Amino acid sequence: MKRHQLIVYGALIWSAIYGGLGYHWWAGGGGFPFGDPRASVGMSLFEGATAGAMAPVIALAGTAGVLVAALARRLPPSLVAAFAWTAGAVLLLALPDVRLLQNMAYSLRGYFGLIDWPVLNQLVCMLGGALWIGVALNTRRKDVRAWPWRRIGLWATAVAVLAPLPYGLQRAAWAAGIPLGVDRAYVEALAADAVAKGVTGIGAYALPLLCLGGALLTLGLAQRWGREFPRWVPLLGGRAVPEAMAVVPASVVAVAVTVTGVTMWRALLSSGASDFSTGGVGLFFLPWGLALGVATVAYHYTRGHVPVSPIVWPRPQPDMRP
């Protein structure tokens, strides 16, 4: 079975399961994950959502997804692509919220106290969005030309590398006790919160280090070493980098950062200049996430046009000695 067929089947199964949950919530079942009252104000686009209003939409959308995936070969490609792009955009950019990136950052620092079902549901939505985007990307893949995507990918990668650096610089200063852009009381409150969560020592610099490490890894989307392991890497040197190794983490981060960027823009535009000192660098999150997403798509399209050595594991040879 070809990869595209697997993606379509995956989108069908996901739509059936999540659509089934929609019918469950529509019928009054528990576990509705949206409209969580524990979420901070301005954190989600669906703060006041109720099961009575939203569950029918989820149920009917899931049913439509099952039908489109099941009839994908018979429907016009443009119709399948339009539905897939719409479903992917909603599932990836509308349903998740800033808690996704928040929990990713805290988890990497060793704190998991904020993970609950509403947050895990966002990962489920991202999985469905990724499957539908996969359907969209492969529906008209034969019409794609590699040369514009190379140029687009270079520019997008450059933006995605530079955009997180202001945030990383400010967080590094705060971790060092330097009130860059804020007053000292704010930095002391952050330090006290970190200690309360058990984040001390090098862990306090996790966010700026993640920004720096992420920027370096992002370079691989436009460099040869992002498609072929360098020769000095043990066992894997000279072999092709599995596409999923680059695309999956880059896509997850792109979605989480973009959603967070939208939230920060909304918060800053609604509060005016009062929160600019603490959230001003957050304005870079939206271009960062969008650029990383574009760079990832460009990597997906151009990867096959950069010659690399296939992954061929050595096989044991029979002993021919007499």
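What percentage of the 322 residues of the protein count as buried? In this predicted model, 40% of the residues fall into that class, and colouring the chain by burial is a useful way to begin the tour.

**The whole chain**

Switch to a cartoon view and follow the chain from the N terminus, where you will pass through 12 helices and no strands, so that the order of elements reads α-α-α-α-α-α-α-α-α-α-α-α, as the definition of these elements has it. If you then display contacts with a separation of 6 or more, 75% of them join residues 24 or more positions apart. Turning on the surface shows about 17,700 Å² exposed by the protein, with carbon and sulfur atoms supplying 70% of that area.

**The second largest pocket**

Next, select Leu-92, Ala-130, Ile-133, Val-247 and Ser-251, which are the closest to the centre of the second largest pocket among the 34 residues that line it; the space in this pocket comes to about 990 Å³. To see the frame around it, colour helix 1 (3-26), helix 3 (77-94), helix 5 (117-139), helix 10 (243-271) and helix 12 (285-302), the elements that each give two or more residues to the lining of this pocket. Helix 10 contributes the most, with 10 residues. Colouring the lining of the second largest pocket by residue class should show 23 nonpolar residues, nine polar ones and two charged ones.

**The largest cavity**

Now leave the pocket and look for enclosed space, of which the whole structure holds two cavities of 30 Å³ or more. For the largest cavity, with about 80 Å³ of space, select Phe-34, Gly-35, Ser-44, Asp-97 and Arg-99, which lie nearest its centre among the 14 residues of the lining. Helix 5, already coloured for the pocket, gives the most to the lining of this cavity, with three residues. By class, the lining of the largest cavity divides into six nonpolar, four polar and four charged residues.

**The second largest cavity**

The last stop is the second largest cavity, which holds about 50 Å³ of space. Select Leu-45, Pro-96, Val-259, Thr-263 and Arg-266, the closest to its centre of the 10 residues that line it. Helix 10 gives the most to this lining, with four residues, and helix 10 is also the element that gives the most to the lining of the second largest pocket. Coloured by class, the lining of the second largest cavity shows six nonpolar, two polar and two charged residues.

Conventions:
Residues numbered from 1 in each chain as written. Predicted model: local features only at pLDDT ≥ 70, side-chain atom pairs only at ≥ 80, totals over all residues. Heavy atoms only, no water. Buried < 20%, exposed > 50% of the residue type's maximum accessible area, 1.4 Å probe, protein only. Contact = heavy atoms within 4.5 Å. Areas by Shrake-Rupley, 256 points an atom, 1.4 Å probe, with all protein chains shown as cover. 1 Å grid on protein atoms, 1.4 Å probe; cavity = no way out; pocket = protein on both sides within 12 Å on 5 of 7 lines; lining within 4 Å. Points joined across faces, edges and corners; volume = space filled by probe spheres on them. Nonpolar A, V, L, I, M, F, W, Y, C, P; charged D, E, K, R; others polar.
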